[in-house]
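Opening the notebook on a new model today. I want to look up a helix, some ring pairs and one odd backbone angle.

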Amino acid sequence: MQNKFVSPLISLKRTNDVFSKHILSRKEHKAFLIDLLNAVIFDKGHHPEDEKILDVSLEDRVLSPLHPEDKIGILDIRAHTRKRIYTIEIQQYFEKDIGARSYYYASKVLGSEITRGVPYHKLTPVIIINFLTHNHLSTKNYHSCYHFNEDDEHSRLTDIVTFHFVEFPKMKKKVTSVMSRLEKWVTYLGAKAPAGEVIIPEDTMFKELAEVEKVFSKDKEEMLRYEAAERYEMDYASHMSSAEIKGEERGRIEGRKAQALETAQKMLQADFSLQQIMEISGLTEAEILQFKTKA
């Protein structure tokens, strides 16, 4: 029986949840993640990170709730060095509460350290990096960096959390030869082109990424997951748009849950694993199993 997730792939969307994790959260592709992190960190000269990142360790992206009624948190990318924890989120739709969302994930990461008995003064600083395909902030720069500073004197309260926001539409177009490292990454991630097309021709790393894309696009299981993630984003945007027209927060919550359940149902029918359904739908294992039992 033909799987309903399969469709002809005209171009590769590089911000797709499945593809971005493929190139940034696998051990064999760690060089790509390190290069991207350095591109973000060194794009802002006043950032406290003063050492080039040479290696990272990938961590579990699932942040367990501190209380049964809390939301589960699933990060796109989570890694750490000896000095800091880095998380990367790629947002493909407009989120009016993007600041609160980022703060929530920062608190979850710090909370996971506290539950392991780490005293406050030994908490590892957290760097939250948000790649945004839509404009969310009032700032003019495409790359904005936020800390906890005093309003009048601007003195720093703590460096325990730093927030980076990279808004794709705000980046000015340039020829690749004069782009910064971060601008090259934004150009690459924002490109919609056939898998294997070299987006930054003069750069060896982006040539390597093009080769990875070719392998990815020929992997049937990966492409099924890619298509499922695309459908999820489209369905989510549709549900949220309907809820916003109603002007009801309850409608937004119900729309989000209904869309997640719909995605889970399709993925169950397509024989996706429980872990894959959790990653793409955002549902908990208990919710999926309960839903599966009813089905």
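My entries follow, one topic at a time.

**Entry 1, ground rule.** I am working from a predicted model, so I keep that in mind for everything below.

**Entry 2, helix α2.** I started with α2, which covers residues 30-41 and has 12 residues. From first C-alpha to last I get 17 Å, close to the 16 Å expected at 1.5 Å a residue. Then I asked myself: is α2 largely enclosed by the rest of the structure, or open? It is largely enclosed, because 10 of its 12 residues are buried. I wrote down the buried stretch: Phe32, Leu33, Ile34, Asp35, Leu36, Leu37, Asn38, Ala39, Val40 and Ile41. Asp35 and Asn38 are on that list, so I double-checked the cut-off, and buried means under 20% relative accessible area. For my own reference, residues three or four places apart on an α-helix point the same way, because there are 3.6 residues a turn.

**Entry 3, ring pairs.** How many aromatic pairs does the structure hold? I have 10 of them. I looked up two in detail.

Tyr103 and Phe148 pair edge-to-face, with 6.4 Å centre to centre and 85° between the planes. This one links distant parts of the chain: Tyr103 sits in helix α3 (residues 98-114) and Phe148 in strand β8, 45 residues apart. Tyr103 counts as partly exposed, at 48% relative accessibility. Phe148 is also classed as partly exposed, at 28%.

Next I took Tyr146 and Phe165, an edge-to-face pair again, at 5.7 Å centre to centre and 80° between the planes. Tyr146 belongs to strand β8 and Phe165 to strand β9, 19 residues apart, and this pair too links distant parts of the chain. Is Phe165 buried or exposed? Phe165 is buried, with a relative accessible area of 4%, whereas Tyr146 is partly exposed at 34%.

I also noted a cluster: ring pairs link Phe19, Phe216 and Tyr226.

**Entry 4, the backbone angle.** His154 caught my eye, since its phi is near 60°, a positive value in a residue other than glycine. Where does His154 lie? I found it in the loop between β8 (143-149) and β9 (156-167). Those are the strands that hold Tyr146 and Phe165, so my second pair and this loop go on one page. His154 counts as exposed because its relative accessibility is 55%, and the cut-off for exposed is over 50%.

Methods. Residues are numbered from 1 along each chain as its sequence is written. This is a predicted model: local features need pLDDT of at least 70, side-chain atom pairs count only at pLDDT 80 or more; totals for chains, interfaces and linings use all residues. Side-chain values use heavy atoms; hydrogens and water are left out. Buried means under 20% relative accessible area, exposed over 50%, partly exposed in between (1.4 Å probe, protein chains only). The expected span of a helix is 1.5 Å times one less than its number of residues. Rings of Phe, Tyr and Trp (its six-membered ring) pair if their centres lie within 6.5 Å; planes under 30 degrees apart count as stacked, over 60 as edge-to-face and the rest as tilted.
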